[in-house]
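Reader: I am new to reading protein structures and would like to learn how the words used for them are earned. Could you show me one and take my questions?

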Amino acid sequence: MISALTHSMRLMRAGFVFAREGVFSGVDPTLLPVPARLALRASSFISRPGKESQAGRLAAALTRLGPTYVKLGQFLATRPDVVGVAIAHDLESLQDRMPAFPHEQAVAIVEQAFGQPIGKTFVRFGPAVAAASIAQVHRAEVATANGQRPVAVKVLRPAIERRFAADLEAFAFAAREAEEHSAEARRLRLVETVATLRRSVALEMDLRLEAAALSEMAENTKGDPGFRVPEVDWDRTTKEVLTLEWIDGTHLSNRAALIAKGFDLKVLARTVIQSFLRHALRDGFFHADMHPGNLFIDDEGRLVAVDFGIMGRLGLKERRFLAEILYGFITRNYRRTAEVHFEAGYVPSHHSVDDFAQAIRAIGEPIHNRAADEISMAKLLTLLFEVTGLFDMRTRPELLLLQKTMVVVEGVARSLDPKLDMWSTAEPVVREWIERNLGPAGRIEGAAENAAQFGRFIGQMPGLLTRGAVLMEQLDAATRNGIALSPETVADIGRAEARRNRSMVVVLWVIAALLAYIVWLMR
């Protein structure tokens, strides 16, 4: 009961901030039940006047509510199936920028992490140069055999895990209540969505995992032309502190500086697109936060990515799906593009391949009739996901994250070269992957892997048969004797249900009283 009341108070505070920032002004009241319409009308009395767009109001509200809500907003930007296409689009512009915490606290965290005065870890430890919801970055220097070397030091925010835990518990409470009372909420799997966010945040809060992501991408891309990542200083990296090579480069967003240094912007635009596609298709591991602030050009003209807190992964099945879709659109082979969806099991088999191919043609033909600089692969995938919903294709979160990242990457590339031809830029990377993985050599490798998997399955057969026999005996016993619950178990279930009902009644009365109080204040 106490926890339910605490969660409700947290959520009501969030609701008040949303109402104050005018976020609810864009909600259609006809889609809501009568009680929610009354609450929506009451919220209009406390809305702050302003000329901001709906996206600006939403971003302002999430920023006011703190780091957890900023992360929630960024996460939901990749889930239009949950919040709708319009809100997801508004959330795409949300920037993870927060005020820096005091320098003394950062020093204390570093000293505790390494168990020694900061002077023994870093020769110099400067003020924060950037701050986000989970950590902030400092410029520092370390002593080497060749003199002092600059490094970037990322430090976890103090007590951030405790704050995120409290807010995430409130989100989970709201998701459970929503699923219990709404079939639509159960369809959207809100509890699973919150659990996914919890896992994502937990990974970001261990900076050793970000270091591992950097290391993995460095290994994947060591032979790539025009791309690299900073080197990790593992001796000065812990759960709370990440130390990297300092990048003295030019921000990709600083177009004037890039031109002044003599870089070819058209070449850089192609590098951005092809590097992203290479990572997604070849490696199945891509940087999922490639906004201009995380991209630099070093003195050798190489693209350098930083901030590996958010990463995306695609299995071989998803990579084949993506490559064949893009290649099908490039070559206008809509039938093959449709067949890929059925082969992957994404579209149920009771639908017609021909009907689906017709729907895909309706997307592809208008794109091919446009000028090269008007074609968008990200828009293509967005339209494709909208059409596939008509054919009962279930949401694929990893593909949605890819599509959201592609929107950002295309925006970065087009800021460098507004006339960039996406098809001709993507075609060499996609064709190379298809020839390598779906051509004769790829089929031979696939057959060898299937044979190895079959061999492992055969080796496991005796154990599987033994466990199956035991399970059948248990099921047979349960069928003959029934499943009995002890009197104590029945009594415990009854008491738990009674407590839960009492908690819900109290929470609902508190919410009603607070809403009435807000309306009374606005008289």
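**Pairs, faces and buried residues**

Author: Let's start with one pair: V155 stands opposite V241 in β5. This is a predicted model, where local features need pLDDT of at least 70 and side-chain atom pairs count only at pLDDT 80 or more, while totals for chains, interfaces and linings use all residues. Residues are numbered from 1 along each chain as its sequence is written, and side-chain values use heavy atoms, leaving out hydrogens and water.

Reader: How do you know that β3 and β5 pair?

Author: Two strands pair if DSSP finds at least two bridges between them. Five bridges join β3 to β5, which run antiparallel, so the definition is met. Strands here are DSSP runs of E with at least two residues, and helices are runs of H or I with at least four, numbered from the N terminus.

Reader: And what makes β2 and β3 a pair?

Author: They are joined by 10 bridges in the antiparallel sense. One of the partnerships sets A143 against Q148 in β3. A hairpin of two residues leads from β2 to β3.

Reader: Why is Q136 called buried?

Author: Buried means under 20% relative accessible area, exposed means over 50%, and partly exposed lies in between (1.4 Å probe, protein chains only). Q136, which lies in strand β2, has 0% relative accessibility, so it counts as buried. Leaving aside residues up to four places away in sequence, Q136 touches several others, including F101, A106 and V155; contact means heavy atoms within 4.5 Å.

Reader: What makes the approach of Q136 to H138 a polar contact?

Author: A polar contact is a pair of N or O atoms within 3.5 Å; within protein, one must be able to donate a hydrogen and the other to accept it, and residues adjacent in sequence count only if both atoms are side-chain atoms. The side chains of Q136 and H138 make such a contact at 3.1 Å. A polar atom of the Q136 side chain also lies 2.8 Å from the backbone nitrogen of F101.

Reader: Which residues of α7 are buried?

Author: They are A106, V107, I109, V110 and F114. Seen down the axis of α7, they fall within an arc of 160° (taken from the directions from the helix axis to the C-beta atoms), so they line one face of the helix. On the other side of α7, E104 and Q112 are exposed.

Reader: What do the buried residues of α7 pack against?

Author: Their partners are α8 (118-121), β1 (124-131), β2 (135-144), β3 (147-156) and β5 (241-245).
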